[in-house]
Amino acid sequence: MGFNRGMAEQQEKSFQRQETVFPNTKELLAKKAEKGIRYYKSIGLGFKTPKEAITGTYVDRKCPFTGNVSIRGRILKGLCISKKMKNTIVIRRDYLHYVKKYKRFEKRHGTTAAHCSPCFSHVKVGDIVTIGQCRPLSKTCLLYTSPSPRDGLLSRMPSSACKKKKKKK
């Protein structure tokens, strides 16, 4: 947990601020600082806090690094197939289902909506991302996009690598 100085981006009609920070502190008025205070924290589970969450100026109440959301429960990996919604991406997870009658596996998939904070703005369609379970953030969004625990960044794979390569005969 820590604080960083930086004024929030105002992109909505209502005034955007972090709930844990009081913007009109006497300390800031006395120093006549141009920047405000920024709240950020470590979410644990081996995930590093992204640099953009510490130094950025965005305000996102649903971000576990700068807002009031905790990651608990399942950690999943999937392929980003859509980024058309604001701060939300759609993840596709492929799996095999065993059919007992034929003693074979069949391919199945499931799609899930996940919140994607502005600190992960570099996520593109075709990237493999890690998502973590949290409280319901909206009607359909129950998961949050998280960085990879190994390298502290999102697991990225170029979209060209996701396509199947044809075998030469």
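Q: Starting with Cys134 in this one: buried or exposed?
A: Cys134 is buried in this predicted model, with a relative accessible area of 3%.

Q: And how many disulfides are there?
A: The count comes to zero disulfides. Cys134 is in no disulfide, and the nearest cysteine sulfur, that of Cys141, is 6.7 Å away. A disulfide needs the two sulfur atoms within 2.5 Å, so 6.7 Å doesn't qualify.

Q: What about Cys116, where's the nearest cysteine sulfur for that residue?
A: Cys116 isn't in a disulfide either; the nearest cysteine sulfur belongs to Cys80 and sits 7.5 Å away.

Q: Is Cys116 buried or exposed, then?
A: Cys116 is buried, at a relative accessible area of 4%.

Q: Changing topic. How many aromatic pairs turn up in the whole structure?
A: A search of the whole structure finds two aromatic pairs. One of them is Phe65 with Phe120, and that pair is edge-to-face. The ring centres are 6.2 Å apart, with 75 degrees between the planes.

Q: Where do Phe65 and Phe120 lie?
A: Phe65 lies in the loop between helix H2 (51-55) and strand E3 (75-85). Phe120 is in the loop between strand E5 (104-115) and strand E6 (128-133). So the pair ties together parts that are 55 residues apart in sequence.

Q: How much of Phe65 is accessible?
A: Phe65 is buried, with a relative accessible area of 0%. Phe120 counts as buried too, at 3% relative accessibility.

Q: OK, charged residues now. How many salt bridges does a search of the whole structure find?
A: It finds two salt bridges. Side chains of opposite charge can pair when their charged atoms come close. In one salt bridge, the side chains of Arg92 and Asp94 meet at 3.0 Å, N to O. In another, Glu106 pairs with Arg108, and the closest N and O atoms are 2.8 Å apart.

Q: For Arg92, is that exposed, partly exposed or buried?
A: Arg92 is partly exposed, with a relative accessible area of 31%, while Asp94 is exposed, at 57%.

Q: How does Glu106 count?
A: Glu106 counts as partly exposed, at 31% relative accessibility. Its partner Arg108 is partly exposed as well, at 36%.

Q: Where is Glu106, by the way?
A: Glu106 is in strand E5.

Q: And which residues does Glu106 touch?
A: Leaving aside residues up to four places away in sequence, Glu106 touches Tyr95, Leu96, His97 and Val99. Take Leu96: it is ten residues from Glu106 in sequence, and their C-alpha atoms are 5.5 Å apart in space.

Q: I also spotted Arg38. Where is that?
A: Arg38 is found in strand E2, which covers residues 37-40. At 3% relative accessibility, Arg38 counts as buried.

Q: How far is Arg38 from Gly56?
A: Their C-alpha atoms are separated by 8.7 Å, and the two are 18 residues apart along the chain.

Q: Last thing: what does the protein average for pLDDT?
A: The average pLDDT is 76, and 64% of the residues score at least 70.

Q: Where does pLDDT stay under 50?
A: Among the places are residues 28-34, where the model has eight contacts beyond four places in sequence. Residues 149-165 stay under 50 as well, and there the model has 36 such contacts.

Technical notes: Residues are numbered from 1 along each chain as its sequence is written. This is a predicted model: local features need pLDDT of at least 70, side-chain atom pairs count only at pLDDT 80 or more; totals for chains, interfaces and linings use all residues. Side-chain values use heavy atoms; hydrogens and water are left out. pLDDT is the predictor's confidence in each residue, from 0 to 100. Contact means heavy atoms within 4.5 Å. Buried means under 20% relative accessible area, exposed over 50%, partly exposed in between (1.4 Å probe, protein chains only). Rings of Phe, Tyr and Trp (its six-membered ring) pair if their centres lie within 6.5 Å; planes under 30 degrees apart count as stacked, over 60 as edge-to-face and the rest as tilted. Helices (H or I, at least four residues) and strands (E, at least two) are DSSP runs, numbered from the N terminus. A salt bridge is a side-chain nitrogen of Lys or Arg within 4 Å of a carboxyl oxygen of Asp or Glu.
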